Protein chains: 2
Amino acid sequence: MVTIKDIAKLANVSHTTVSRALNNSPLIKEPTRRKILDIASQLNYTPNYNAKSLVMQKSHTIGLFLTSISNGTSASFLADTIKGVNSVISQEYNLFIRGIDDYQDYSSINSQRFDGIILMSQSVRDHSFIYHVLQKEIPLVVLNREIEEDDIINILSNDTEGSRQAVQHLIDCGHTDIAVIEGIPTFKSTQMRKDGYLTALIDNGISIHPEYSVSGNYDMESGYLGMEKLLSLKKPPTAVFCSNDDMAIGAMNAVFANGLNVPNDISIIGFDDIGFAQYTTPKLTTVKRPVEKISVLGAEKILSLVTGEEQKASKVFAKTELIIRDSVKKKG
Amino acid sequence: MVTIKDIAKLANVSHTTVSRALNNSPLIKEPTRRKILDIASQLNYTPNYNAKSLVMQKSHTIGLFLTSISNGTSASFLADTIKGVNSVISQEYNLFIRGIDDYQDYSSINSQRFDGIILMSQSVRDHSFIYHVLQKEIPLVVLNREIEEDDIINILSNDTEGSRQAVQHLIDCGHTDIAVIEGIPTFKSTQMRKDGYLTALIDNGISIHPEYSVSGNYDMESGYLGMEKLLSLKKPPTAVFCSNDDMAIGAMNAVFANGLNVPNDISIIGFDDIGFAQYTTPKLTTVKRPVEKISVLGAEKILSLVTGEEQKASKVFAKTELIIRDSVKKKG
DNA sequence: TAAGGTATAATGAACGATAATAGAGAATGC
DNA sequence: GCATTCTCTATTATCGTTCATTATACCTTA
């Protein structure tokens, strides 16, 4: 492997001069610089990032962490996150990806190894991780889940408002017996979407029936089971807000399995707008959550943090959007 | 940040002794070793991987490359790949993820930066990348796409056989007018699945109609368009083999949009067995492709390669599996 | 012409680890 | 009892960079 010393020898200069020439230092005369650059490219020189990192105390890697990679994270969420970050992080950085739950302890996560960390957070369980990163003084951006501390850069989608709009849409269509299938209990998103559901009901003076709230865990199977539970009530709801699209799809299947029809017997609305939402039968009315956009914003933030541009701690909200398709019926 | 020298000072030994103690060298007496380890854990010592890498010529990072992260790679494929690899690569390794198409040139991909590379390959375009990695003498495992060179470790799913079985299943159900919606032309998988389709027809003495082969690009939209084209033929097929599930879902929608029924008017079979396949209406009959298993096998291979265990170049085939659900109808 | 400036380049010391070699002290042999 | 071997630890070099300091050559200027 060719090093700056090899180049130095050939150029008849010191290795320092080579280093400076390669780093565009003004201390080097143009002709020498040219000569050195020529030789470097002829020898096909590539800098040794380990040596560079060692002396500069910079790792050239950005860590993208998720609450989990294998558990409870849907394929489209994972894919959108990675796509968003990947599109922004330039080639000179290493893009490192892991799930927090892959770690027994966080000792290997330090500022030597990471210039900055993006956390796509889905659970309060992440708090110990956040605390660790903060304590190690690694630049951090937290996506998707609101963190109360105010010296944190936080990029969020407004799930509460999004789900409020969704349920308001059901109400606008004449529904009053509206149920919710909830997500994984420990996830903040679960709480926010439930809040939006409740807000819409309260705003419209609709009384809240506890039996219309059933639990789920964001996968299709749990949507199926949740809907079965709702259908077995003495008075089943006429519309169901599912906390994500996967569960909405499961729920639709449960409706069909019971010989009923969506949206004629039961209206269903989802949350996320995954790619499949427009290919279900009927097409799924849902709330588009801007996962990829959040990731892009987060990656941009971490880059400017890492390259030293001052960044105020801040909360950025990316907007959700109600996507009306065919799974909700106007009553009366 | 605490270094071995700090530990050495406190333990009244040389830094070399500390290094040896931490690396379980037999040259260190047990009592000294204990003392050093105690101090190290008290100081919360974590090794500097950059320094380590520099002297040991080892990067402690495994690169997971895909043909592309943003173009033509489905969410479930990307997610399954990452899940599989992530579950195997131990915590002491960095897991680096990128798309090949993110690179203008491969100069930054060298043995200093990567101990080993896993390539989830989807296109012949990857060849220049493979050539580069081979030339840099970086341990390499290629997944998903067969590479002719025989000194390469290659882990594949047998798509040809899988799609042959799929089409054979259609034939067994009494279909003879069988069409195919193909994938992205440059992808090897497209060719293999087409081959399986053709093989099944030929094996059964069914004549091949060129108008029954329509092109697609693996996304749902193209499945929709492909099916529309087929439906507009004078004599539409009674069954369609879609080269992946996404297109199958698009195709089903096209059938519905034309007022027809699946499977009563048209039978549809897919390929991949993505999570949604069992939640479509009707549930999709398809061929399960073991993406995650391939990734696991690949990750295991690269690890044993990297840790120095001899590995013969080899081709490993992971089996596909026909999953029969409700989108194919028995004729007659 | 000597003293002082000002560019430009060279020297040598880091960074934090490992590895080859040297050295000190105890155990062994004759 | 002294040389020799054997254990264990210390010394020093090294990996490929950057950076602070020092040196050299070339101009100014008095």
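**Close-up views of a predicted model with two protein chains and DNA**

**Figure 1. Buried residues of helix H2 in chain A.** A:Thr17, A:Val18 and A:Ala21 are the buried residues shown in H2(A). Because they span an arc of only 100° around the axis, these residues lie on the same side of H2(A). The cover over the buried residues of H2(A) includes two helices of chain A, namely helix H1 (4–11) and helix H3 (30–42). Just after H2(A), the residue A:Asn24 adopts a positive phi of about 55°. As in every view here, the model is predicted.

**Figure 2. Surface of the two chains near DNA strand C.** There are 25 residues around DNA strand C, and those that come nearest are A:Val13, B:Thr3, B:Ser19, B:Asn48 and B:Ala51. Two or more residues of this surface are given by each of helix H2 (15–22) and helix H4 (49–56) of chain A, and likewise by helix H2 (15–22) and helix H4 (49–56) of chain B. The largest share of the surface near DNA strand C belongs to H4(B), with five residues. In terms of residue class, the surface near DNA strand C consists of 13 nonpolar, 10 polar and two charged residues.

**Figure 3. Surface of the two chains near DNA strand D.** DNA strand D is surrounded by 25 residues, of which A:Ser19, A:Asn48, A:Ala51, B:Val13 and B:Val55 are the closest. H1, H2 and H4 of chain A, as well as H2 and H4 of chain B, each contribute at least two residues to the surface near DNA strand D. Which helix gives the most to the surface near DNA strand D? That helix is H4(A), with five residues. The classes present on the surface near DNA strand D are 12 nonpolar, 10 polar and three charged residues.

**Figure 4. Arrangement of chain A and chain B and the contact between them.** A turn of 180° with a shift of 0.1 Å along the axis lays chain B on chain A with an RMSD of 0.2 Å. The two copies are therefore related as by a two-fold rotation axis. Chain B brings 42 residues to the contact, and chain A brings 42 residues. On the side of chain B that touches chain A, at least two residues come from each of H4, helix H5 (75–88), strand E2 (94–99) and helix H10 (245–257) of chain B. H5(B) gives the most to this side, with eight residues. The side of chain B that touches chain A comprises 18 nonpolar, 20 polar and four charged residues. Of the interface residues of chain B, 100% are also interface residues in chain A, so the copies meet through the same surface.

**Figure 5. Surroundings of B:Arg98.** B:Arg98 is placed in strand E2 of chain B. Is B:Arg98 buried or exposed? B:Arg98 is buried, because 21 other C-beta atoms lie within 10 Å and the limit for a buried residue is 20 or more. Apart from neighbours within four places in sequence, B:Arg98 is in contact with A:Asn86, A:Leu95 and B:Phe65. B:Gly162 is 64 residues apart from B:Arg98 along the chain, and their C-alpha atoms are separated by 29 Å.

**Figure 6. Open sheet of chain B.** Four strands of chain B form an open sheet in the order E7-E6-E8-E9, with parallel pairing. The edges are strand E7 (213–214) and strand E9 (267–269) of chain B, each of which pairs on one side only. Strand E8 (residues 239–242) of chain B pairs with E9(B) in the parallel sense over three bridges. B:Ala239 has B:Ser267, in E9(B), as its bridge partner.

Note on methods:
Residues numbered from 1 in each chain as written. Chains lettered and ligands numbered in written order. Predicted model: local features only at pLDDT ≥ 70, side-chain atom pairs only at ≥ 80, totals over all residues. Near = placed C-beta within 6 Å. Nonpolar A, V, L, I, M, F, W, Y, C, P; charged D, E, K, R; others polar. Least-squares fit on C-alpha atoms with pLDDT ≥ 70 in both. Contact = placed C-beta atoms within 7 Å. Buried ≥ 20, exposed ≤ 12 C-beta atoms within 10 Å, placed from the backbone. Arc of directions from axis to C-beta. Pairing = 2+ DSSP bridges.
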